[in-house]
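Let's take a walk through a protein model together. Have the picture ready and follow along.

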Amino acid sequence: MNSLALLAAEGEVASATGITAYAWLLVLLPLAGAGLLLLGGKATNAWGHLLATALSWASFVVGLLVLLAMVGRGHEERAAHVGGWNFIPAGQFQLETGLLVDQLSIAFVLLITFVGSLIHVYSIGYMAHDPNRRKFFAYLNLFVASMLLLVLADSYLLLFVGWEGVGLASYLLIGFWNHNPAYATAANKAFFVNRVGDVGMSIAIMLMFATFGSVDFATVHAGAAEAGSTTMTVLGLLLLVGACAKSAQFPLQSWLGDAMAGPTPVSALIHAATMVTAGVYLVVRSHSIFDAAPNAQLAVAIVGAITLLYGAIVGCAKDDIKKALAASTMSQIGYMMLAAGLGPVGYAFAIFHLITHGFFKAGMFLGAGSVMHGMKDRVDMRGFGGLSGFMKITWVTFGLGWLAILGVPPFSGFWSKDKIIEAAFIGEGWRPWVFGGIAMIGAGITAFYMSRLFFMTFHGKKRWVDEHEDAERGVHPHESPLTMTVPMMVLAVGSGLLGLVLSWGGMFTHWLEPVVGAHGEEHPVLAVPVIMALTLLLVAGGAAYAWMLYWRDEVAVVAPRGSLVTQAARADLYQDAINEGLFMRPGTHLTRALVFTDGKGVDGVAGSLAAMIGGASSRLRRVQTGYARSYALTMLTGVVAVLGALWVMN
Amino acid sequence: MSFPLLTVMMVVPLVGAAVVWLLPAGSSRLARPIALATSLVTLVLALLAWARFDTGSSAGRYQLTETHSWIPQFGVSYALGVDGIALSLIVMAAILTPVCLLAAWNDLEGDRDDDGSGRREKTYFALMLVLLTFMVGVFAARDVFLFYVFFEAMLIPVYFLIGLFGGPRRQYAAVKFILFSLVGGLIMLVAVIALYFHGPGGEQGFLYEALEGNVTGSTATQRWLFLGFFIAFAIKAPMWPVHTWLPDAASEARPATAVLLVGVLDKVGTFGMLRFCLGFFPEASKWATPVVITLAVISVIYGALLAIGSRDIMRLIAFTSISHFGFIVMGIFAMTSTAGAGSALYMVNHGFSTAGLFLIAGFLVARHGSQRIADYGGWQRVTPVLAGTFLVAGLSSLALPGLSSYVSEFLVLAGTFQRYEWAAAIGTIGIVLAALYILLTYQRVFTGPRPTFAEAAEPRDLGLREKLVVAPIIASFLLLGFFPKPVLDLVNPAVSKTLELVGVTDPAPTNASGSAQ
């Protein structure tokens, strides 16, 4: 009975006291920033970005104080509930807002506010010359506020408010430079795909209401175990649809690559570190539902396994540095989904990897931004090479992220990803072999494509022309200003050490135990040292292969045609062609046909009726000049008729 | 005898209209301020009515009542009174009218038909005030016959507003509007007459409370009566397949007229379904529910698809409303307290979100002189505030959580899901389509490279007057998005009373309080 949901249902989650009672500040501070900057208009141009950054840090400080207060309480008394207001009292549906400050949500709060604030700082430099800088920071603040609401909400409906809030911020920021039509399309695509997920989420919330009479976590989770496995399976699958869209998981992954249209800090914060991991949060938060629905849980694991390979394969063929990183994000979230789909053995590791990934991937995205900053916003890695000497800080910080994602000990990714691979090997029958095998092979491919990216950018021969030689096409690579490099350095420290620190004595998994539940000691089908050794061997092999192709050998400036597999991967395994053929084209034809028939068919029937009466009225018109008079007359006749009829009857 | 607040709310705009209409030729420039002032006085009265309305459980259903014998031989009374749903719609109409008057402030500048006497301007603003009187009347009526009179009378100012002041195809649109309404009105008229004979009769036989639960007659008769009212309301609402008058009327009307037409007048249809169809003919309503829910779902999807295919921005907005009315009707006929409250709230929220879309699109059209979406592009770089406010109104229309429409749409769907899982699930597809019609439009009109204009023709961003129009609308999105309680408190008792009349109770949660199955 150590699951928080059960405790909450029995009213045992204490009301917040002390600093925790002010947890709404976490959301309200950045929200106030967004409001001020958007309503304040040009008057806030000069200092708006500083205010937004300060408010984001303020939110982090509040989060830190809440954490300290939480640490001070006993293991089982850490979760606290903060009341809000009477949100929706509508007949049978009654909902109050409230925040659930527990071990899971506070971990997210710190990730979001810390990485988020660093990226605010980075953006001060990155967006210094953008005429719409104020709006950019307003949207960033809006994002932080919404994301915090998402993870702190105590009900599925309030979570959904945050869920859509981050979607809106993502839409606005992907389309931030929407004077470029392709970027505007990318923003729409992200929103549309996410709306498909929202259908799943919305129906899930309706089903919760119909089943439990309420949509707050406490009630739903408390009833999940007894509600019948069919309902719970449906519920789990619906939630999974929502999670797939938000976290760019197969088959709703197609928007993430295009989302790289947004300014790079956005890609780092929203499309790598935080928002795209919301699906993983949703699954872990709803673990009571998935625990009661083994089939839905299996679906989560399958989706994760497919996506981790899908993203890794796509990542191998991308020459655009940001799109390669995006594919990698997809793949890494696939690992988290897989872990979440493994059940109690995986929940904590899913979140652990989510946190370390938040640091090293954000760091690498910021590094990519720094490279672009020094390379006239170019993104094609075939035009990079040998940049390590020109951007030392970027190179080192990126390098730490690279080592972390490869899972090289003792860097962060090793501690979290290796645990997921081990957990994937736990179980009976075919599952451990399939899931474990995929996770392990994925690690090898990851090592290949991330090394490819790292070597193509920073090592090998330079494949760009210096500005002195060619002012037009030439570039002048240089290190970025301190506002950009300092956040990169901080994140690099996290990439290096965070995994080690958090896994010290199982600290982080132990911390999450009251939320996700403890699980007994289970052993993988292979011995742990064997798994570890095999994984490292694959990683070394992948990296070595990349070294041969992209460091030792010459890299072609123009991409070679490549094998069929390469071509498919470069085209994102034809995801867009499939979506277009299945949905867009038939949809366009359908709307066109309906527009045509609405004017002809439906209106024709109604119209001929109208013509009949119209013909009569047009005769009246000659007498009375004007339809209104004829109408008034008709009405008068009508009234007289009524009264006459009533009189006769009486 | 208490102060006849509702009557005064109807008299004030009528007097204002008369004053505006009778202004001497030299002082016609006073028409607009007088009209605005009159509508603001009406708004104050409406807020006063809200303040005096008792939402307590012990309070009576119809409040602020006034009853005078009118034609006692036929059971007709001049009877007024509101429940929470009627009151919330009156308050919405009273807020939207001054907003629309302000939006229409310069509508007749550079008017081709203007003869310099200012007569057209006076007519225009006077007609809007007359319309306000009838809008209050139709919701405040407590007598079926009085309701019918207002229901028909409303059409006259709208007819003139479209026919005299509309776009190039205004005659066609106005006639189509009046003909559809006429058909509905006549069908309803027959039902009204028949209703009297199947009611309790007597000197006050047309009073709502006299009829509620007291309509007699065979099952077949009740069904016929139900149909008489339902068809009239379905045309008014409008529902598929009798919706085709709306896109023409809304796109030919001035934006302010379109707002009052779609945002307020059409609500009489859904309001009538709730009050008359469910209230007077409970058995027939249950009988018709499968068909009505089906038509509602079709309206949701069909309206949205047509909106996606629309090339004219005003027609597009009209089609979005057909989709939204589908949701409202679905919620009414789902007959659960949640869906019912959702529908009532939806009627208010839709009024504001559609006002936002029509008026802001109107500001855009006023700058460029075209309603064709393809004639725009990149306007975010030219008029950023206009673009931003349109986006917010659009997001409200697509029911983004945090904005008002979401709460009502969710309640409708959740309440419907309790009884008709598939209808709600299919209706939910509407949220994907809504994103398409709003964001594709935003993309086509506002994003892309900055358009070039001749030096002098560079459009300006929203001015102060236009910002004052938009501000209350956006405020309502946020306020009712995060705190819909004031409106829900109003409508909840009325919804539960209606469900009581129908004789249905909410389905219990299938797994209430964790009981094992």
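UniProt positions appear here in the numbering used in this text, feature names are shortened, and annotations may be inferred rather than shown by experiment. With that in mind, an unreviewed UniProt entry puts "domain: NADH-Ubiquinone oxidoreductase (complex I) chain 5 N-terminal" at residues 87-137 of chain A. Before going on, know that this is a predicted model, where local features need pLDDT of at least 70 and side-chain atom pairs count only at pLDDT 80 or more, while totals for chains, interfaces and linings use all residues. Residues are numbered from 1 along each chain as its sequence is written, chains are lettered from A and ligands numbered from 1 in the order in which they are written, and side-chain values use heavy atoms, with hydrogens and water left out.

Over residues 87-137 of chain A, the chain is 57% helix and 25% strand; helices (H or I, at least four residues) and strands (E, at least two) are DSSP runs, numbered from the N terminus.

Now find helix α4 (residues 103-126) of chain A, whose axis comes within 11 Å of that of helix α12 (residues 278-285) of chain A, crossing at roughly 170 degrees. That makes α4(A) roughly antiparallel to α12(A). Axes here are lines fitted to C-alpha atoms, for helices over the stretch in contact, and angles run from 0 to 180 degrees between N-to-C directions. Angles under 35 degrees count as roughly parallel, over 145 as roughly antiparallel, 65 to 115 as roughly perpendicular and the rest as oblique.

What about α4(A) and helix α16 (residues 347-374) of chain A: at what angle do they pack? The angle is about 5 degrees, with the axes 11 Å apart, so α4(A) and α16(A) are roughly parallel. Their contact (heavy atoms within 4.5 Å) includes Phe108(A) and Leu111(A) from α4(A), and Ile355(A) and Phe359(A) from α16(A).

Finally, look for empty space. A cavity is a set of points, on a 1 Å grid over the protein atoms alone, where a 1.4 Å probe fits but cannot get out; lining residues have an atom within 4 Å of a point. The structure holds seven cavities of 30 Å³ or more, and the largest has about 100 Å³ of space; grid points are joined across faces, edges and corners, and a volume is the space filled by probe spheres set on the points. Among the residues lining the largest cavity are Arg195(A) and Glu409(B). The largest share of that lining, four residues, comes from α17(B).

Technical notes. 1 Å grid on protein atoms, 1.4 Å probe; cavity = no way out; pocket = protein on both sides within 12 Å on 5 of 7 lines; lining within 4 Å.
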